[in-house]
Amino acid sequence: MSSTLSERLQDLLEPLVSSQGLDLEEIAVDSVGRKRVLRVTVDSDTGADLDRIADVSRALSAKLDESDVMGSAEYTLEVGTPGAERLLTEHRHYARATGRLVRFQQAEGGELVARITAVDDDGLDLEVPGVKGRKPTVRRLAFDDITRARVQVEFNRKDDAAGHTNGHDGHDGHDGHNDDNDEKEEEA
């Protein structure tokens with residue numbers, strides 16, 4: 001059996017989250033005064049609307065209640081999505097961010113802000129915005145050359161030629177709400 005609380009929670013909760021058609025992205029246990037907060041972050045390729053979040057929150061709450069993994073101390077369960085400025089750490093995160101503007105920290109030490117246009121097993125095709133009226137340029141970035149990547153919030157994005165604003169196919173992988181409302185939580 002896993003030794004740390006985080007590993008035990010992962011082992012307990014991941015099968016349940018997966019059975020709901022979601023990916024378990026992160027588990028965090030934080031102390032807030034005398035209470036603890038268990039934050040569970042979930043997502044999927046099609047996004048997670050409030051109803052799905054509420055359903056998985058109830059299922060996780062029931063599973064945790066029948067388990068002693070959190071011990072006897074009081075805690076609050078918060079279930080939500082990664083939010084608008086999500087950190088990209090897995091291949092699926094990059095695929096979900098296709099069409100989004102991302103800030104990359106590169107292994108060579110530089111920083112790059114570009115839009116992901118395609119993702120494959122080796123890396124990303126990017127569109128680097130033009131500066132001072134210049135046209136955007138295309139660039140390839142290998143996963144090995146990325147040390148950190150975070151989606152950027154765009155408030156004034158212009159529609160692309162196809163009339164889409166968030167992705168190559170017109171679906172941004174979210175539930176149709178604005179990025180401002182992307183992070184959802186359901187307390188149990």
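## A term to begin with

A polar contact is a pair of N or O atoms within 3.5 Å, where, within protein, one atom must be able to donate a hydrogen and the other to accept it. With that cut-off in hand, one can follow the side chain of Arg86, which reaches the backbone oxygen of Gly83 at 3.1 Å, a value that lies within 3.5 Å and therefore fits the definition.

## The overall plan

The structure described here is a predicted model. Its secondary structure comes to three helices and nine strands, and, read along the sequence, these elements follow the pattern α-β-β-α-β-α-β-β-β-β-β-β. The protein has 188 residues, of which 38% count as buried.

## A parallel pair and the helix between

Strand E2, which covers residues 35–43, is joined to strand E3 by six bridges, and the two strands run parallel. One of the places where they pair is at Thr41, whose bridge partner in E3 is Gly80. Strand E3 itself, residues 75–80, is mostly covered, since five of its six residues are buried. Together with helix H2 (residues 50–65), the strands E2 and E3 make a right-handed β-α-β unit.

How far should the 16 residues of H2 span? At 1.5 Å a residue the expected span is 22 Å, and the end C-alpha atoms of the helix are 22 Å apart, so the model agrees with the expectation. At the start of H2, a side-chain oxygen of Asp49 reaches to within 3.2 Å of the backbone nitrogen of Asp51. The buried residues of this helix are Ile53, Ala54, Val56, Ser57, Ala59, Leu60, Ser61 and Leu64.

E2 and E3 are also linked through their side chains, for Arg39 and Glu78 meet in a salt bridge with an N to O distance of 3.1 Å. Because Arg39 lies in strand E2 and Glu78 in strand E3, this pair ties together parts that are 39 residues apart in sequence. The two partners can be described by their accessibility: Arg39 is partly exposed, with a relative accessible area of 31%, whereas Glu78, at 12%, counts as buried.

## The five-stranded sheet

Another part of the model is an open sheet of five strands, arranged in the order E7-E6-E5-E4-E8, with antiparallel pairing. Which strands stand at the edges? They are E7 (137–142) and E8 (146–151), and each has a single partner strand, so one side of each is left without a neighbour in the sheet. Neighbouring strands of this sheet are turned by 45 degrees against each other on average, with direction ignored.

Within the sheet, strand E4 (residues 101–106) and strand E5 (residues 111–119) pair in the antiparallel sense over five bridges, and the bridge partner of Arg103 in E5 is Val113. Strand E5 also holds Arg115, which forms a salt bridge with Glu154, the closest N and O atoms being 2.8 Å apart. Glu154 lies in the loop between E8 and strand E9 (185–187), so that this pair links parts of the chain that are 39 residues apart. Arg115 counts as buried at 13% relative accessibility, while Glu154, at 23%, counts as partly exposed.

## Charged side chains and their network

Side chains of opposite charge can pair when their charged atoms come close. In this model the count comes to 16 salt bridges. One of them joins Asp23 and Arg96, whose closest N and O atoms are 2.2 Å apart; Asp23 is in strand E1 (residues 23–32) and Arg96 in helix H3, so distant parts of the chain, 73 residues apart, are linked. Asp23 is partly exposed, with a relative accessible area of 27%, but Arg96 is buried, with a value of 13%.

Salt bridges that share partners join Asp23, Glu25, Asp43, Asp45, Arg86, Arg92 and Arg96 into one network. Among its members is Arg86, which lies in the loop between E3 and helix H3 (91–96). Is Arg86 buried or exposed? At 9% relative accessibility it counts as buried, because the cut-off for buried is under 20% relative accessible area. Besides reaching the backbone oxygen of Gly83, the side chain of Arg86 makes a polar contact of 2.8 Å with the side chain of Asp43, and Asp43 belongs to the network as well.

Definitions and conventions. Residues numbered from 1 in each chain as written. Predicted model: local features only at pLDDT ≥ 70, side-chain atom pairs only at ≥ 80, totals over all residues. Heavy atoms only, no water. Pairing = 2+ DSSP bridges. Helix = DSSP H or I, 4+ residues; strand = E, 2+ residues; numbered from the N terminus. Axes fitted to C-alpha atoms, helices over the stretch in contact; angles between N-to-C directions. Buried < 20%, exposed > 50% of the residue type's maximum accessible area, 1.4 Å probe, protein only. Right-handed = clockwise from strand over helix to strand, strands pointing away. Expected span 1.5 Å × (residues − 1). Salt bridge = Lys/Arg side-chain N within 4 Å of Asp/Glu carboxyl O.
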